[in-house]
Amino acid sequence: MTVSAMYPGTFDPITLGHEDFVRRAAKLYDKVVVAVAADTGRKTTMFSFSERIALAQEALADIANVEVKGYEGLTINFAHEHGLAVIVRGLRAASDFEYEFQLASMNRHLTQDVETAFLTPTDKYTFISSTLVREVATLGGDITEFVSSKVKDALLKKVGRG
């Protein structure tokens, strides 16, 4: 049986933590679609939709069973449209659990055909988030340990430091 999964998010920008997560998920599933959300309605992005897709595609290009696609609307609808049986989500800390549990419960209420699976990050990436990386870059800090060189260049240019 072939099992395909999706890893949804805004990826604003994609971090080394995201990359590590995708590489690990790619070992568990036959195909992983990194689904870049156009608009979550909850947050304003620094990078445009097309920039976030392009940065993710570049960062993950070396993983054969990973595909990056953009989407709008409900995550569960995207999963159905693309025949994806699993939504993979990350839990960095206990504080993530309540929100992720609510999302998984809502998705299960909307459909019984798609499961949610949770992975925890590799220890060295536990504290990394796109929001913190953007903040560090904006305030002049070194983001070398948190993002790939291409993402670093794009982010520094975006904040006027590149």
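A salt bridge is counted where a side-chain nitrogen of Lys or Arg lies within 4 Å of a carboxyl oxygen of Asp or Glu. In this predicted model, K31 and E67 fit that description, their side chains meeting with an N to O distance of 3.5 Å. K31 belongs to strand β2 (residues 31-37) and E67 to strand β3 (residues 66-71), so this salt bridge ties together parts that are 36 residues apart in sequence. K31 is partly exposed, with a relative accessible area of 30%, and for E67 the value is 30%, which is again partly exposed.

The K31 and E67 pair is one of 10 salt bridges found in a search of the whole structure. Side chains of opposite charge can pair when their charged atoms come close. Helix α1 offers further examples. Here E19 and R23 meet through their side chains in a salt bridge of 3.9 Å, N to O. These two residues are four apart in helix α1, and therefore about one helical turn separates E19 from R23. E19 is buried, at 8% relative accessible area, whereas R23 is partly exposed at 30%. The pair does not stand alone, for salt bridges with shared partners join E19, R23 and D62 into one network.

A second pair in helix α1 is formed by D20 and R24, whose side chains make a salt bridge of 3.8 Å, N to O. D20 and R24 are likewise four residues apart, about one turn of the helix. D20 has a relative accessible area of 18% and counts as buried because the limit for that class is under 20%. R24, at 25%, is partly exposed.

Attention can now turn to the aromatic rings. A search of the whole structure finds five aromatic pairs. In one of them, Y71 and F78, the ring centres are 4.9 Å apart and the planes stand at 40 degrees, so the pair is classed as tilted. Y71 and F78 are both buried. The rings of F127 and F146 have centres 5.9 Å apart and planes at 90 degrees, so this pair is edge-to-face. F127 sits in the loop between β5 and α5, while F146 sits in the loop between α5 and α6 (149-158), so the pair ties together parts that are 19 residues apart in sequence. F127 counts as exposed, with 51% relative accessibility, because the exposed class begins over 50%. F146, by contrast, is buried at 17%. Elsewhere, ring pairs link Y7, F11 and F21 into a cluster.

The empty spaces complete this tour of the model. Rolling a probe the size of a water molecule over the atoms shows where empty space is left. The largest pocket has a volume of about 1100 Å³. Its lining is made up of 46 residues, and those nearest its centre are P8, G9, R42, R89 and E100. Two or more lining residues come from each of β1 (4-9), α1 (16-28), α3 (75-81), β4 (86-90), α4 (94-110), β5 (115-119) and α5 (130-138). Among these elements is α1, the helix that also holds the D20 and R24 pair. The largest share of the lining, eight residues, is contributed by α4. Sorted by class, the lining of the largest pocket has 19 nonpolar, 15 polar and 12 charged residues.

How values were computed. Residues numbered from 1 in each chain as written. Predicted model: local features only at pLDDT ≥ 70, side-chain atom pairs only at ≥ 80, totals over all residues. Heavy atoms only, no water. 1 Å grid on protein atoms, 1.4 Å probe; cavity = no way out; pocket = protein on both sides within 12 Å on 5 of 7 lines; lining within 4 Å. Points joined across faces, edges and corners; volume = space filled by probe spheres on them. Nonpolar A, V, L, I, M, F, W, Y, C, P; charged D, E, K, R; others polar. Phe/Tyr/Trp six-rings, centres within 6.5 Å; stacked < 30°, edge-to-face > 60°. Buried < 20%, exposed > 50% of the residue type's maximum accessible area, 1.4 Å probe, protein only.
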